[in-house]
Structures are given as C-alpha cells and as structure tokens.
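Reader: I am a first-year student, and I would be grateful for a close look at a single part of this protein. Please take the aromatic residues and the strands that carry them, and explain how they are arranged.

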Amino acid sequence: AMHYMDITDTEKKDGFHNTYNAGNLAISKTIQGNMAVMDKDFTFTVVLTPAAGEEIKSAIVAKIGNEVITGPTKGEDKTWTYTFELTNGETATFENIPVGVTYAVSENAENYTQVNVTDTDETTDDVTTNNTVAKGIIAAKDEDVVTFTNELKNNVDTGISVDSIPYIAMLGVVAIGGTG
C-alpha cells in the first residue's frame with residue numbers, strides 16, 4: 001500500500017515551541033593557612049529539592065573535573081542527595097538543573113575554620129550563605145558558583161618565649177654575682 005501526500009505546500013502550518021529552562025551549580029574549594037594540609041579532602045553534601053508539585057525524574061549529572069560523581073540517592077520526599085569530597089582547587093559542577101529546584105550545599109570542615117562561603121549569582125538574589133551552608137534556587141540560565149574557603153592556622157613556635165625573660169634576667173644577675 002502506498003500513501004501519497006501533496007507536498008506542494010511547504011509552509012509550516014503548526015509548530016511546537018519547546019523550551020527547556022535549566023541552570024548550573026558549581027561548588028569550589030579553597031584551603032589556606034600556615035598549618036593547613038593542602039591535599040586534605042573535605043566531605044560535601046548537596047541536596048536538590050524540586051519545586052512544589054514537581055519532581056526531578058532522574059539524577060542530575062554532577063562531575064569533579066571529568067569524573068562523574070556516582071551514587072546520588074533519591075529520598076522519599078523527591079529530593080536528590082549527593083555526597084562527595086573536594087580538596088584545594090577542585091570544583092564540582094552540576095549541569096542542567098531544572099528551573100525552580102532548590103539546592104543546599106554543606107561541608108564537614110572538621111578542625112578547620114570556615115572563613116568564607118560565597119555565592120556568585122548574577123541573575124537572581126535568591127541565595128543565602130552562612131558559615132556552614134549555602135542555599136539557593138535555580139533560575140533560567142542561572143550560573144551559581146559557591147566557594148568554600150577553609151583556614152587552619154596556628155602560632156608557630158619560634159623557640160623564644162617572652163614568659164622566660166624574667167628568669168633569664170635572674171640567671172644574668174646570678175652569673176654577675178658568681179663572677180664577682
């Protein structure tokens with residue numbers, strides 16, 4: 001059987017205008033301080049929560065460099081949780097996050113002081129940060145960058161203590177008395 005169509009009319013009558021709005025999230029790690037171990041791994045947790053009435057159907061692709069972060073877990077509340085480690089200078093990227101998804105990024109800083117958690121969000125003012133968590137909402141074409149800076153510093157013992165100066169002075173007096 002053959003079906004013939006009149007192809008003389010080449011003008012498009014109806015069309016679909018599908019758009020997919022998504023944003024990206026990058027999480028960077030910086031370590032500083034005179035006692036810091038620069039290759040120490042810090043554990044991060046990222047929770048992606050869909051907008052009310054929505055669902056994230058599958059895991060968002062997340063990478064550290066070219067390595068895919070494996071093992072995100074989907075909660076009963078339709079959230080996706082990612083756990084991974086970053087060290088100084090590394091960045092984890094989450095691409096094509098649907099619009100309206102809320103993220104919460106937290107870090108286990110252990111003995112380090114968390115100096116700074118910053119977010120660069122050029123399209124919206126919906127990001128809040130404090131010393132432990134960065135939270136935000138993904139907007140269309142959003143490029144959120146969250147940077148965690150940790151510091152571990154201590155006073156370096158130089159061998160000279162100002163607490164011992166009176167004792168040194170007394171030894172000097174004894175030495176002068178002994179010489180006399």
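Author: Confidence in this predicted model is highest in strand S3 (residues 62–64), with a mean of 95, and lowest in strand S10 (residues 128–129), with a mean of 57. Over the protein, the mean pLDDT is 81, and 77% of the residues reach 70 or more. The secondary structure consists of twelve strands and one helix, and along the sequence the pattern reads β-β-β-β-β-β-β-β-β-β-β-β-α.

The aromatic residues may now be taken in turn. A search of the whole structure yields four aromatic pairs. In one of them, the ring centres of Phe44 and Phe148 are 5.1 Å apart and the planes stand at 80°; because an angle over 60 degrees counts as edge-to-face, this pair is edge-to-face. Phe44 belongs to strand S2 (residues 42–49) and Phe148 to strand S12, so the pair ties together parts that lie 104 residues apart in sequence. Phe44 and Phe148 are both buried.

Another pair is formed by Phe84 and Phe94, whose ring centres are 6.2 Å apart and whose planes stand at 55°, so this pair is tilted. Here Phe84 comes from strand S6 (residues 80–86) and Phe94 from strand S7, so the parts tied together are ten residues apart in sequence. Phe84 has a relative accessible area of 6% and is therefore buried. Phe94, with a relative accessible area of 0%, is buried as well. The ring pairs link Phe44, Phe148, Phe84 and Phe94, together with Tyr82, into a cluster.

The strands that carry these rings deserve attention next, beginning with S2. The covered face of S2 consists of Phe42, Phe44, Val46 and Leu48, while Thr43, Thr45, Val47 and Thr49 make up its uncovered face. Phe44, already met as the partner of Phe148, thus belongs to the covered face. S2 pairs with S6 in the antiparallel sense over seven bridges, and in this pairing Phe42 stands opposite Leu86 of S6. S2 is also joined to S8 by seven bridges, and these two strands run antiparallel. Within that pairing, Leu48 stands opposite Tyr103 of S8.

Phe42 has a further feature, for two lysines lie over the face of its ring: Lys29 at 4.1 Å from the ring centre, and Lys40 at 5.5 Å from the ring centre.

Lys29 leads to strand S1 (residues 22–32), in which eight of the eleven residues are buried, and which is therefore mostly covered. S1 pairs with strand S7 (residues 91–98), antiparallel, over six bridges; there, Ile27 stands opposite Ala92 of S7. S1 also pairs with strand S12 (residues 143–151), in this case in the parallel sense and over nine bridges. Thr30 stands opposite Thr149 of S12. S1 thus pairs with S7 and with S12, and these strands carry Phe94 and Phe148 respectively.

Ser28, which is found in S1, illustrates this position. Its relative accessibility is 15%, so Ser28 counts as buried. When neighbours within four places in sequence are left aside, the contacts of Ser28 are Glu90, Thr91, Val145, Val146, Thr147 and Phe148. Ser28 therefore touches one of the residues of the aromatic cluster, Phe148. Ser28 and Val146 are 118 residues apart along the chain, yet their C-alpha atoms are separated by 6.2 Å.

Gly100 offers another example, taken from the loop between S7 and strand S8 (102–108). At 22% relative accessibility, Gly100 counts as partly exposed, because the buried class is reserved for values under 20%. Apart from residues up to four places away in sequence, Gly100 touches Thr49, Pro50, Ala51, Ile137 and Ile138. Among these, Thr49 is part of the uncovered face of S2. Gly100 and Pro50 are 50 residues apart in sequence, and 6.6 Å separates them in space, C-alpha to C-alpha.

These examples may be set beside the values for the protein as a whole. Among contacts between residues at least 6 apart in sequence, 75% join residues at least 24 apart. Of the 180 residues, 26% are buried. The accessible surface comes to about 12,200 Å², and carbon and sulfur atoms account for 53% of it.

Notes:
Residues are numbered from 1 along each chain as its sequence is written. This is a predicted model: local features need pLDDT of at least 70, side-chain atom pairs count only at pLDDT 80 or more; totals for chains, interfaces and linings use all residues. Side-chain values use heavy atoms; hydrogens and water are left out. Buried means under 20% relative accessible area, exposed over 50%, partly exposed in between (1.4 Å probe, protein chains only). Helices (H or I, at least four residues) and strands (E, at least two) are DSSP runs, numbered from the N terminus. Two strands pair if DSSP finds at least two bridges between them. Rings of Phe, Tyr and Trp (its six-membered ring) pair if their centres lie within 6.5 Å; planes under 30 degrees apart count as stacked, over 60 as edge-to-face and the rest as tilted. A charge sits over a ring if NZ of Lys or CZ of Arg is within 6 Å of the ring centre and within 35 degrees of the ring normal. pLDDT is the predictor's confidence in each residue, from 0 to 100. Contact means heavy atoms within 4.5 Å. Accessible areas come from the Shrake-Rupley method with a 1.4 Å probe; for residues, only the protein chains shown count as cover.
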